[in-house]
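Student: Could you take me through one part of this model up close, and then follow the trail from there? I'd like to hear about the packing first and the charged pairs afterwards.

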Amino acid sequence: MTDPKTHRRSPARRRAAAATAGAAAALGLGAAMLTQAHAATVITVAKDGSGRFTTVQAAVNAAAAGDTISVAKGTYAEIVNVPTSKTGLTIKGATGNAEDVVITYDRAAGYTDAAGNKYGTLGSSVATFSASGLTVTGITVQNTFDKSAHPDITDTQAVAITAQGDRQTFTNDRFISRQDTVLNWSPSSTGQYRQYFYSSFISGDVDFIFGNATAVYDRVNIQLRNSGAASGGLNGFLSAPNTSSAKTYGILITGSSVTSSAAANTYYLGRPWHPSADAVGQLVVRQTSLPAAVKIAGPWTDMSGYSWKSARFSEYKNTGAGATVNSNRPQLTDSQAANYTAQKYLAGTDGWNPVK
């Protein structure tokens, strides 16, 4: 709550309060979300005990809204949850090199908790980011679940990160798994939840960029993992959006590079996840380099009986061995493409523009 006696504070305190309020405004947050009495602090994490905490989650628990958590080089085997109350939090790798700072865990949807209940897709996530105004930079998050080592597990979804806040930014990060690597989630299917991924690396094989939030992948490196299928067979699916039909924008991949050592014509760009009647997946892949692993004749496919043609899938000026134009590859016109840019996806109702 705002102090009703702010006019009685010293000039120094007024300047500090103004800076805090300015930070809140820059994040699109109400002043009530950042306590004026709290000056943002840096909380250190180091596996070797040289920081304030030895685990990322302990630092998250101690952090206040607007704080920065600096994580030293090391591998942190833990589950991380950033709740909605930690608005404006920054989590950064101390070295600036994402390969140095790794948060990792082995968890799948089919694993069970102490009560014998399956974790499910959301529960399989190594890191769940629920706070709005979040920044994550210089971090690797990896789900190490290996389905070949667990033939008894049939629910093999293994999420690396769940992004389910608004105005979230992920820069110079690495997110690695196989099935369902990055979940772009909108807790309210028609709500405003926007996530921006820039200059990062994402690796997987089945539906590994998916969900119903509005997400932009800008100048990222997307790796289609090689599961050994022969040319013309099936290695996997890059994406599976389930965007609400009420939303214009779902997922955008732009100016990026998709790479793979998989055999030719073994990957679909995407399929429409249709868990509810209003789910009409929206995804554009534009000005992106596609490898030979992408199925040339038809890079989109049906999912659980729901036709890809009923979804909203398009391409625009893609390049590489996996790019072409035919009747199974809907293309945006130049005028249409002007409305499917990173800025248009992320502007929302408040004009947010984190685009680099």
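Tutor: Sure, let's start with the packing. The largest nonpolar core has 55 residues, and the ones with the most contacts inside it are Ile-69, Ile-161 and Tyr-217. Helix α2 (residues 56–62) supplies the largest share of this core, three residues. Keep in mind that this is a predicted model. There is also a second, separate core of 14 residues, with Val-216, Tyr-249, Tyr-316 and Leu-346 among its members. As a general matter, nonpolar side chains in soluble globular proteins tend to be buried together.

Zoom in on Ile-69 for a moment. Setting aside neighbours within four places in sequence, Ile-69 is in contact with Ile-43, Val-45, Ala-59, Val-60, Ala-63, Leu-89, Thr-90, Ile-91 and Lys-92.

Now for the strands. Seven of them make an open sheet with parallel pairing, in the order β3-β6-β9-β12-β15-β18-β21. At the edges sit β3 (74–77) and β21 (257–260), each pairing on one side only. On average, neighbouring strands of this sheet are turned by 15 degrees against each other, direction ignored. Take β12 (residues 174–176) and β15 (residues 201–204) as one example: they pair in the parallel sense over three bridges. Within β15, Ser-203 stands opposite Ile-176.

The loops after those two strands bring us to the charges. The structure holds nine salt bridges, and one of them joins Asp-205 to Arg-178, with the closest N and O atoms 3.0 Å apart. Asp-205 is in the loop between β15 and β16 (206–211), while Arg-178 is in the loop between β12 and β13 (182–184), so the pair links distant parts of the chain, 27 residues apart. The two ends have their own surroundings: Asp-205 is buried, at a relative accessible area of 2%, whereas Arg-178 is partly exposed at 28%.

Another salt bridge has Arg-167 and Asp-350 meeting through their side chains, at 2.8 Å from N to O. This pair also links distant parts of the chain, 183 residues apart: Arg-167 lies in the loop between β10 (161–163) and β11 (168–171), and Asp-350 in the segment after α5. Arg-167 counts as buried because its relative accessibility is 11%, which is under the 20% cut-off. Asp-350, with a relative accessible area of 39%, is partly exposed. These two are not on their own, either: Asp-166, Arg-167, Arg-194 and Asp-350 are linked in a network of salt bridges.

Arg-194 from that network also leads to a residue in helix α5 (residues 342–347), namely Ala-347. Leaving aside neighbours within four places in sequence, Ala-347 is in contact with Arg-194 and Trp-352. Ala-347 and Arg-194 are 153 residues apart in sequence, yet their C-alpha atoms are 8.9 Å apart in space. Ala-347 counts as partly exposed, at 23% relative accessibility.

One last charged pair: Asp-334 forms a salt bridge with Lys-317, the closest N and O atoms being 3.8 Å apart. Asp-334 lies in helix α4 (residues 334–337) and Lys-317 in the loop between β24 (312–316) and α4, so this pair ties together parts that are 17 residues apart in sequence. Asp-334 counts as exposed at 52% relative accessibility, while Lys-317 is partly exposed, with a relative accessible area of 49%.

Technical notes
Residues numbered from 1 in each chain as written. Predicted model: local features only at pLDDT ≥ 70, side-chain atom pairs only at ≥ 80, totals over all residues. Heavy atoms only, no water. Helix = DSSP H or I, 4+ residues; strand = E, 2+ residues; numbered from the N terminus. Buried < 20%, exposed > 50% of the residue type's maximum accessible area, 1.4 Å probe, protein only. Contact = heavy atoms within 4.5 Å. Pairing = 2+ DSSP bridges. Axes fitted to C-alpha atoms, helices over the stretch in contact; angles between N-to-C directions. Core = buried A, V, L, I, M, F, W, Y, C linked by side-chain atoms within 4.5 Å. Salt bridge = Lys/Arg side-chain N within 4 Å of Asp/Glu carboxyl O.
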